[in-house]
Amino acid sequence: MNAIYPVNDYGPLMPGLVMAAVAIVHVFLAQFAVGGGILLCYFQWLAMTGRSVDARSFVHGYFKVLVLISFVLGALTGVGIWFTSIQVSAPTIGEMVFHFHWIWATEWTFFCLEVVAGYCFYRYHDQLSARTCLTLLVLYAFAAWMSLFWINGILSWQLTPGHWLTTHSIVDGFLNPGFWPSLFFRTIVCMTLAALIGCVVVNVIPDLSREQRQELINKAAHLMIPMLAMPVLGAWYLYSMPSDSRSWVLGGSPAMMLFFMISVGASLAIGGYALIGLWLQKLYINGATASLLLLLAFGATAGGEFVREGSRKPYTVRHVLYSNGIRPEEVAGLRFRGCVSDDPFPVIHEKQLPNEVVTIGAKVFRRQCAVCHTMEGSNAVVHLTGAWDADQMRMNIAKLQQTKPFMPPFAGTAGELESLVQYIQWVHAKRPGSWPGTIDESNLPKIQRWLDEAGTAPAGNSPHPQTTEAEISIAPSVALGSLKR
Ligand code: HEC
């Protein structure tokens, strides 16, 4: 299995970033849909039991927002994820579908149930008894949460495949070490988002007095109480992560740590406000403050998702598939055969490249680097190699997994690596019209030596899958990598 799939070129944006942006928006909306269901059940129950007279008007107003936002935008971005992921990494999404198609089919079944229950409520709630409305809402909330339940198994498997690596059993893959902590954690996030959006909605429902609004807000804030468990669940989740990924988050990678801190900081701010202000002191919260808290929640979600996606590096499926779609066991063969010799797709703007050497370099870049880098846009290789001479570039790329442990090992021949270096240097030189059309063969032996020294295994972990959950000592390069910066 060494298929090459076409990838999209997003100009100055690296594909990984485009994927993350679509995914973050979708996750935010989808989590709102799940939490919204729970909140609506709670309010319908409050209304039916006479615990809150105004809860009924809230249910109807809130449901309209839920339908508009989560059904319409959620479904659109959901399709957007599929659309983007096949353009960014067809092998990854293929791998997920291959192993978990039944889980996915189950998830879609629940999604259908969610849509049907939601639509029935939306269309007929004013003709139905309160009890039937509650039944529909419970069905809606249950189906929505179940779709989270199923998808959570597939997503957490990517980072912590656990025993699945040896057994390949779908149950082991689904109930992987990250499954429960991330399911509980996400459920709490869902409820928090729903409560915050509830506070915004309360502020825009017409014809309510301030006391009525305050009462509804305090009730909605009940859904934020589970946030108290977040630190424990977060620690559990971190603990379930492979030790190298955890080390990126806790300082090994400055960018990742920054996003982690943003996420934790924003969650603390929301949690503090919710618990002290809304729950203990029963404060009123106006639309602007509620929107601000919601914005913070978006920041926390974005930071969290970024960390979750980023900490998988250099894999999209740990030990199975590198981010660039190459399998760990393919690397040795590709070093020998070459990674672009059977690449049938022309490179973008091929006519503007001066010769075959540079074209091959561009193809190597596209196959191995482009998912995480651009040439001159975000995470630009031209910029990152700015201070390196040609030999430093050759060596650091040949030893890619030691240069930064979150990069996969280089998977091509010495000649391809030299072509890549020529391509980078050509761009460095501002893309001149003429450039040497042959590579200097005398460079190849030392490149080969560096490739051999680096080996074909990824940094910092044993190539043997059994060690996944064991504490794996992190290669010294991690420490060096962070010192170098
Ligand atoms: C899994 C994603 C990923 C892949 C694939 C990848 N890189 Fe990187 N690379 C990164 C990240 C993340 C950094 C850190 C950027 C920073 O420090 O700001 C990085 C850093 C670098 C650096 C700077 C290293 C330093 O010490 O400052 C170079 C050069 C580089 N990559 C080149 C490449 C080349 C060439 C390829 C393809 C052969 C490649 N990368 C493939 C993610 C990746």
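Q: Where does His349 sit, and what makes it exposed rather than buried?
A: His349 lies in the loop between helix 12 and helix 13. Helices here are DSSP runs of H or I with at least four residues, strands are runs of E with at least two, and both are numbered from the N terminus. The C-beta of His349 has 9 others within 10 Å. The rule calls a residue buried at 20 or more other C-beta atoms within 10 Å, exposed at 12 or fewer, and partly exposed in between, with C-beta atoms placed from the backbone. So His349, at 9, is exposed.

Q: How far can you lean on these numbers, and how are residues counted?
A: This is a predicted model, so local features need pLDDT of at least 70 and side-chain atom pairs count only at pLDDT 80 or more, while totals for chains, interfaces and linings use all residues. Residue numbers start from 1 along each chain as its sequence is written.

Q: What is the phi of His349, and which kind of residue is it not?
A: Phi of His349 is near 55°, a positive value, and the residue isn't a glycine.

Q: What makes Lys430 exposed?
A: Lys430 has 6 other C-beta atoms within 10 Å, so it falls in the exposed class. Its place is the loop between helix 17 (414–428) and helix 18 (444–454). Lys430 also has a positive phi, about 65°, without being a glycine.

Q: Why is Val340 called buried?
A: Val340 has 25 other C-beta atoms within 10 Å, so it meets the rule for buried. Val340 is in the loop between helix 12 (331–337) and helix 13. Its C-alpha is 9.8 Å from that of Phe365, 25 residues apart along the chain.

Q: Why is Gly78 put in the partly exposed class?
A: Gly78 has 15 C-beta neighbours inside 10 Å, so the count lands between the two cut-offs. Gly78 belongs to helix 2, and its C-alpha is 8.8 Å from that of Val27, with their positions 51 residues apart in the count along the chain.

Q: What makes Glu114 buried?
A: Glu114 counts 24 other C-beta atoms within 10 Å, so it passes as buried. Glu114 is also in helix 2. The C-alpha atoms of Glu114 and Met146 are separated by 9.4 Å.

Q: How do you know that helix 2 isn't straight?
A: Helix 2 runs over residues 55–124, and a straight helix of 70 residues would span 104 Å at 1.5 Å a residue. That expected span is 1.5 Å times one less than the number of residues. The end C-alpha atoms of helix 2 span only 18 Å. There's a bend of about 120° at Ser89, with Pro91 following within four residues. The bend is the angle between axes fitted to the seven residues ending at a residue and the seven starting there.

Q: Why does Ile447 count as buried?
A: Ile447 has 22 C-beta neighbours inside 10 Å, so it satisfies the buried rule. Ile447 sits in helix 18 and has Gly415 8.6 Å away, C-alpha to C-alpha.

Q: What makes a set of residues a nonpolar core, and how many residues has the largest one?
A: A nonpolar core is a set of buried Ala, Val, Leu, Ile, Met, Phe, Trp, Tyr and Cys residues joined through C-beta atoms within 7 Å. The largest has 131 residues, and Ala194 and Ala195 have the most contacts inside it. Its largest share, 18 residues, comes from helix 1 (residues 15–48).

Q: Which residues surround the ligand, and how do you know that they belong there?
A: A residue is taken as near if its C-beta atom, placed from the backbone, lies within 6 Å of the molecule. There are 22 residues around the ligand, and the closest are Ser323, Gln368, Cys369, Cys372 and Leu384. Helix 13 (356–369) and helix 15 (390–398) are among the helices that each supply at least two residues of the shell.
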